[in-house]
Amino acid sequence: MQDLKNTKSHLADEFVLDWEELPADMGGRTRAFAIDPGDPLGRRAIAGSVTGGIWINEDITSGLKSWKPVNDFLDNLSISCIVYDPLNPDIVYAGTGEAQTAVTIYRESSGVGKGVMKSIDGGLTWNWLNGNFAYITDIVVRVEEGKSILYAAAVSGKYKETNHLSRPSDGLYRSEDEGTTWTQVLPLIPGGKDPYAPSDLEITADGRLLAGTQRNLNGKGAAEIFWSDDGLNWTINSQIREEIDTVTDPSVNIAGRIVLSASQSDTNIIYAVVASGGYSGEGFIRDRAYAILRSEDKGETWVKVNMPNGDGSWAYLAWHALIIKVDPNNPSIIYVGGLDLHKSFDGGETWNKISDWRGGIIGNSSSSYVHADQHQIVFLNSSSDSAIFCTDGGVFY
């Protein structure tokens, strides 16, 4: 027996492996991304992975700069959104929990959150704020009377056959003290006692706050658009939800989530992309893009514009992958993403496909590869020429 132990010890010493770290050029699913406003060059970036935590890149425009994780041992590594305080670039907020896949679907790929985190050193270290929120879909900081007011969109979701509830309820939570205390400000869904579940938040160039909604755990309250000029009193536009309710096609007559984008060069123009769906053979609601909307009065009324391919096939996983973004300098140039990316130069009348996740050639370009499933678009330094695209395969520049 002693000889056997000695042999095992000798073999263990002989086969010790030396490891060398190798670089990678592909990340995982990324929904959260922001440029550090404290960087005068506008190149320092912070990003969040839905299962991999928070990462920093000192120069997002350089292929020589690598991403560094800020802390592999955060209490929760499911990062859904990130925003800087516009009055203090040292303060950063991050929301956790991936609500977009917190449903019963053909694969379980979600992560339950723990609420909102705050950093006071530009994202290097983080602390948890008050609030027992299961999933945060978006966070914005709005300057009101010279003070930064924090808004967090909290929803509930189902993950691994268990309902995970945001407490005290779904809703849009407002904080005047950097997240120490919260007040729910959205109205209740008619006929019940539950607030709406917000899917996306947007602030116009002149400060109007908008919120799109998604289905709650009871399947209620989706495809509504709210706007407010004070963050407390809200006006609702239900026209697209009411239209979906009249659709007879059972594959697209259940209202889904709304994603918004406000023009920063024309305060009147806002775009929205709306999802709807029906029950699949697997027993869950499979959403696709239903319509792209344009408002020319800051979100009070909306009209439909055309969609890529003439239908919702460009975003047939719309509960999961759906984004719209307006060019910062031209309100007629818009980008949408579902499986791939499409661009319109005329406010949504016509569309051009600009990426192909399979690596195909588009036009004269052989470098049109962007990983499938689009989640976020961020323009750099208000430039129309440089942008970040966040996907299931990480970050593309």
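E300 is partly exposed in this predicted model, with a relative accessible area of 36%. Its salt-bridge partner is R208, and the closest N and O atoms of the two are 3.0 Å apart. Because E300 lies in the loop between β21 (285–295) and β22 (303–305) and R208 in the loop between β15 (197–203) and β16 (209–214), the pair ties together parts that are 92 residues apart in sequence. R208, at 4% relative accessibility, counts as buried, since the limit for that class is under 20%.

**Salt bridges**

In total, the structure holds 22 salt bridges. Three of them are set out below.

| Pair | Closest N to O distance |
|---|---|
| E300 and R208 | 3.0 Å |
| K304 and E243 | 2.4 Å |
| E161 and K158 | 3.8 Å |

The side chains of K304 and E243 meet at 2.4 Å, N to O. K304 belongs to strand β22 and E243 to helix α2 (residues 239–245), so this salt bridge ties together parts that are 61 residues apart in sequence. K304 is partly exposed, at a relative accessible area of 45%, and E243 is also partly exposed, at 29%.

In the pair of E161 and K158, the closest N and O atoms are 3.8 Å apart. E161 is exposed, with a relative accessible area of 55%, whereas K158 is partly exposed, with 28%. Elsewhere, R29, R31, E98 and D392 are linked in a network of salt bridges.

**A pocket and a surface patch**

The second largest pocket has a volume of about 990 Å³. Its lining comprises 29 residues, and those nearest the centre are A24, D25, M26, G27 and W67. At least two lining residues come from each of the strands β2 (45–49), β3 (53–57) and β29 (394–396). By class, the lining of this pocket has 12 nonpolar, 13 polar and 4 charged residues.

M26 appears in a further feature: together with W357 and Y369, M26 makes a nonpolar surface patch of about 280 Å². The position of M26 is in the loop between α1 (2–14) and β1 (30–35). M26 is partly exposed, with a relative accessible area of 39%; this residue can therefore count towards a patch, for which over 30% is required.

**Backbone features in loops**

R167 and P168 are joined by a cis peptide bond, with omega about 5°. P168 is located in the loop between β12 (162–164) and β13 (171–175).

Two residues other than glycine have a positive phi. For D373, phi is near 75°. D373 lies in the loop between β26 (352–353) and β27 (374–379), and at 8% relative accessibility it counts as buried. For S382, phi is about 55°. S382 is found in the loop between β27 and β28 (387–391), and its relative accessibility of 53% places it among exposed residues.

Another loop residue is P331, situated between β23 (323–326) and β24 (334–337). At 18% relative accessibility, P331 counts as buried, because the class takes in values under 20%. P331 and S280 are 51 residues apart along the chain, and their C-alpha atoms are separated by 37 Å.

Methods. Residues numbered from 1 in each chain as written. Predicted model: local features only at pLDDT ≥ 70, side-chain atom pairs only at ≥ 80, totals over all residues. Heavy atoms only, no water. Patch = residues over 30% accessible without salt bridge, like charges linked within 9 Å, V, L, I, M, F, W, Y side chains within 5 Å. Areas by Shrake-Rupley, 256 points an atom, 1.4 Å probe, with all protein chains shown as cover. Salt bridge = Lys/Arg side-chain N within 4 Å of Asp/Glu carboxyl O. Helix = DSSP H or I, 4+ residues; strand = E, 2+ residues; numbered from the N terminus. Buried < 20%, exposed > 50% of the residue type's maximum accessible area, 1.4 Å probe, protein only. 1 Å grid on protein atoms, 1.4 Å probe; cavity = no way out; pocket = protein on both sides within 12 Å on 5 of 7 lines; lining within 4 Å. Points joined across faces, edges and corners; volume = space filled by probe spheres on them. Nonpolar A, V, L, I, M, F, W, Y, C, P; charged D, E, K, R; others polar.
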